[in-house]
2 protein chains.
Amino acid sequence: MAAPYPEPTFSLAVGQNCRAREILDLVANKWSLGVVDTLEAGPQRFGELKRGIAGISQKMLTSTVRELERDGIITRTVYAVMPPNVVYGLTDLGKTLLAATRPLVRWSLENMAAIDDARSEFDERSREIAPGRPAK
Amino acid sequence: MAAPYPEPTFSLAVGQNCRAREILDLVANKWSLGVVDTLEAGPQRFGELKRGIAGISQKMLTSTVRELERDGIITRTVYAVMPPNVVYGLTDLGKTLLAATRPLVRWSLENMAAIDDARSEFDERSREIAPGRPAK
DNA sequence: CAGAATCCTGTGAGATACTG
DNA sequence: CAGTATCTCACAGGATTCTG
């Protein structure tokens, strides 16, 4: 039966622990991980950050950094000058988060192909199984 | 300042890599992580799995396991008996995903309190800064 | 028991326009 | 430059009912 189940660390029980689920939501959204990962390069201004994250709108960047700031993951430093200059950076907590997400990010990069394969194989099989689908 | 920025592994550039973002979405949703984590205990039937994940509806469980099956993360074994018996389990790929997510899950458990503190502190500060908010 | 089918709602998220 | 303010819409996700 292939590989045995992983090290039997007693289950962290994400399923049962509502609080854990809530905290994980911090990362389980479209942009947070991208922001944290991008800030790894060092503190950056709003505009830099925006350019660093493909496809994000300024609205989403604004609300994402606000939330991450609130959660203590990133800092927001405002320089009272004209034009405005606001710099974001990781807090110590943010750095530990970054470290904790790295395996997952790495996994996603390493397994893109495997997932693509699984998907097309799955889609292939579904087409076979249901040859006489109800039209329309 | 404080701690230096983490090991300067060249950034994995989640921000720029759209594909990476797409794959991460696999985990960046409300239930996938809970399902994978719960299956760590071993293969389980639909009902067991549902009971193992607090708050999930069977609709969400159904669509989540379907997606995870499609992505090659879990297996779905149907025993043609009455009443139906369907067992879900982790694939080898799923087990590597589980391992990759563990640091993050652990992080969330370890840092709940820190995040709560950050939040209340942040909320506290906002209240100070804006004492004369426009009514309504 | 393990779902499929519906109905319904909140909100995640994009596009656009405006401002200190 | 770094936002805020609206408007809009799709869709994630809940509740409920039905079936092999």
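The following exchange concerns a predicted model with chains A and B and DNA strand D.

Guide: Local features need pLDDT of at least 70 and side-chain atom pairs count only at pLDDT 80 or more, while totals for chains, interfaces and linings use all residues. Residues are numbered from 1 along each chain as written, chains are lettered from A in the order written, and side-chain values use heavy atoms, without hydrogens and water.

Visitor: What makes the relation of chain B to chain A that of a two-fold axis?

Guide: Chain B is laid on chain A by a turn of 180° with a shift of 0.0 Å along the axis, at an RMSD of 0.1 Å; the fit is by least squares on C-alpha atoms of residues with pLDDT of at least 70 in both. That is therefore the relation of a two-fold axis. In chain B, the C-alpha nearest the axis belongs to A28(B), 1.9 Å from it.

Visitor: Why is Q44(B) called buried?

Guide: Buried means under 20% relative accessible area (1.4 Å probe, protein chains only). Q44(B) has 11%, so Q44(B) is buried.

Visitor: What makes R76(A) and DNA strand D a polar contact?

Guide: A polar contact is a pair of N or O atoms within 3.5 Å; within protein, one must be able to donate a hydrogen and the other to accept it, and residues adjacent in sequence count only if both atoms are side-chain atoms. A polar side-chain atom of R76(A) lies 2.4 Å from a phosphate oxygen of DNA strand D. For Y88(A), the distance to a phosphate oxygen of the strand is 2.5 Å, and for K30(B) it is 3.2 Å.

Methods: Buried means under 20% relative accessible area, exposed over 50%, partly exposed in between (1.4 Å probe, protein chains only). A residue is near a molecule or strand if one of its heavy atoms lies within 4 Å of it.
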